[in-house]
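Please walk me through this model in my viewer. Tell me what to select at each stop and what I will find there.

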Amino acid sequence: MPSPLVKATLQSAFLCLCSALVATYLTPKNPPILALVIVSTLITPPNFLWQQYLEQKLPGYIIEKRASGGEKGEQRAGGDVTIKKRLNIMNTMTKVVIDQTLGSVVNVAFHLGGMAAFQGMPLDECLQVVKEQTWPLMVAGYKLWPLVSLAKFTLIPVEQRTVFGALVGLGWGIFLAIRAAR
């Protein structure tokens, strides 16, 4: 059985391939499918570890144990102990802000630089592409990803967050593939 990291990487690569293939039908110029899949495959493990790190440092839920229970939303843990999970709003909002600033700028820069490198551009030109295109792509992403991030941190288990992001990214990937085909 593959590790959760390997599983998430393979699932993300597959979803990227799907979005690139769909994009081939939506644009007259074919997107660079192999480059898109390789860049996606390379960025998934750091993203997976990033999600685990954020959850470890800023737990999304507070676990409360009580001697008696029976309230709505509580689970019996054995004996007379009841466990209740409560959303930690401050940690969740902090994770969203960190993920949508530091996390997203790294992802966008890696994507842009990786795609430029696969086109055979020298390092200085790759860096120029990153410099010129990061902000416009970030602005486009802010129309989708903050809500995805909020949903991810409140509804999705940490080991499935990268794949959830990749699934939502199926549509985003179509956008990126069409953009890369220009």
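## First stop: a buried charged pair

Select Asp 99 and Lys 152 to begin: both residues are buried. This is a predicted model, so please read every value on the tour as computed from predicted coordinates. Keep the two side chains on screen, since they form a salt bridge whose closest N and O atoms are 3.0 Å apart. Now colour the helices: Asp 99 belongs to α3 and Lys 152 to α5, so the salt bridge ties together parts that are 53 residues apart in sequence.

Stay with Lys 152 a moment and add Phe 153 to the selection. The charged end of Lys 152 sits over the ring of Phe 153, at 5.3 Å from the ring centre.

## Second stop: the other salt bridges

The structure has four salt bridges in total. For another one, pick Glu 55 and Lys 95, whose side chains meet with 2.5 Å from N to O. Glu 55 is in helix α2 and Lys 95 in helix α3, so this pair joins parts 40 residues apart in sequence. Are these two residues buried or exposed? Glu 55 counts as buried because its relative accessibility is 18%, and Lys 95 counts as buried with 0%. Next, add Arg 161 to the view: salt bridges with shared partners join Glu 55, Lys 95 and Arg 161 into one network.

Then move to the strands and select Glu 64 with Arg 86. Their salt bridge has its closest N and O atoms 3.1 Å apart. Glu 64 is in strand β1 (residues 61-66) and Arg 86 in strand β3 (residues 81-87), so the pair links distant parts of the chain, 22 residues apart. Arg 86 is partly exposed, with a relative accessible area of 40%.

While you are here, show Tyr 61 and Lys 85 as well. The charged end of Lys 85 sits over the ring of Tyr 61, 4.7 Å from the ring centre.

## Third stop: aromatic rings

Time to show the aromatic side chains. How many aromatic pairs does a search of the whole structure find? The search finds three. Start with Trp 50 and Tyr 53: their ring centres are 6.5 Å apart and their planes meet at 20°, so this pair is stacked. Both residues belong to helix α2 (residues 33-57), where they are three residues apart, or about one helical turn. Trp 50 counts as buried at 19% relative accessibility, whereas Tyr 53 counts as partly exposed at 43%.

Now select Trp 145 and Trp 172. This aromatic pair is edge-to-face, with 6.2 Å from centre to centre and 85° between the planes. Trp 145 lies in helix α5 (residues 145-155) and Trp 172 in helix α6, so the pair ties together parts that are 27 residues apart in sequence. Trp 145 and Trp 172 are both buried. Add Phe 175, and you have one aromatic cluster made of Trp 145, Trp 172 and Phe 175.

## Fourth stop: the cavity

Keep Trp 145 and Trp 172 selected, and add Asn 47, Asn 107 and Gly 165. Out of the 38 residues that line the largest cavity, these five lie nearest its centre. The cavity holds about 840 Å³ of space, and a search of the whole structure finds one cavity of 30 Å³ or more.

Which helix gives the most to the lining of the largest cavity? Colour α6, which supplies 10 residues. At least two lining residues come from each of α1 (4-24), α2, α3, α4, α5 and α6. By class, the lining has 18 nonpolar, 17 polar and three charged residues.

## Last stop: the largest pocket

Finish at the largest pocket, with a volume of about 240 Å³. To find its lining, select residues including His 111, Leu 112, Met 121, Val 129, Gln 133, Leu 176 and Arg 179. The elements that give two or more residues to this lining are α3 (89-118), α4 (123-141) and α6 (161-181). Helix α3 makes the largest contribution, four residues. Coloured by class, the pocket lining shows seven nonpolar, three polar and two charged residues.

Technical notes:
Residues are numbered from 1 along each chain as its sequence is written. This is a predicted model: local features need pLDDT of at least 70, side-chain atom pairs count only at pLDDT 80 or more; totals for chains, interfaces and linings use all residues. Side-chain values use heavy atoms; hydrogens and water are left out. On a 1 Å grid over the protein atoms alone, a cavity is a set of points where a 1.4 Å probe fits but cannot get out, and a pocket is an open set with protein on both sides within 12 Å along at least five of seven lines; lining residues have an atom within 4 Å of a point. Grid points are joined across faces, edges and corners, and a volume is the space filled by probe spheres set on the points. Ala, Val, Leu, Ile, Met, Phe, Trp, Tyr, Cys and Pro count as nonpolar, Asp, Glu, Lys and Arg as charged, and the others, Gly among them, as polar. Rings of Phe, Tyr and Trp (its six-membered ring) pair if their centres lie within 6.5 Å; planes under 30 degrees apart count as stacked, over 60 as edge-to-face and the rest as tilted. Buried means under 20% relative accessible area, exposed over 50%, partly exposed in between (1.4 Å probe, protein chains only). A charge sits over a ring if NZ of Lys or CZ of Arg is within 6 Å of the ring centre and within 35 degrees of the ring normal.
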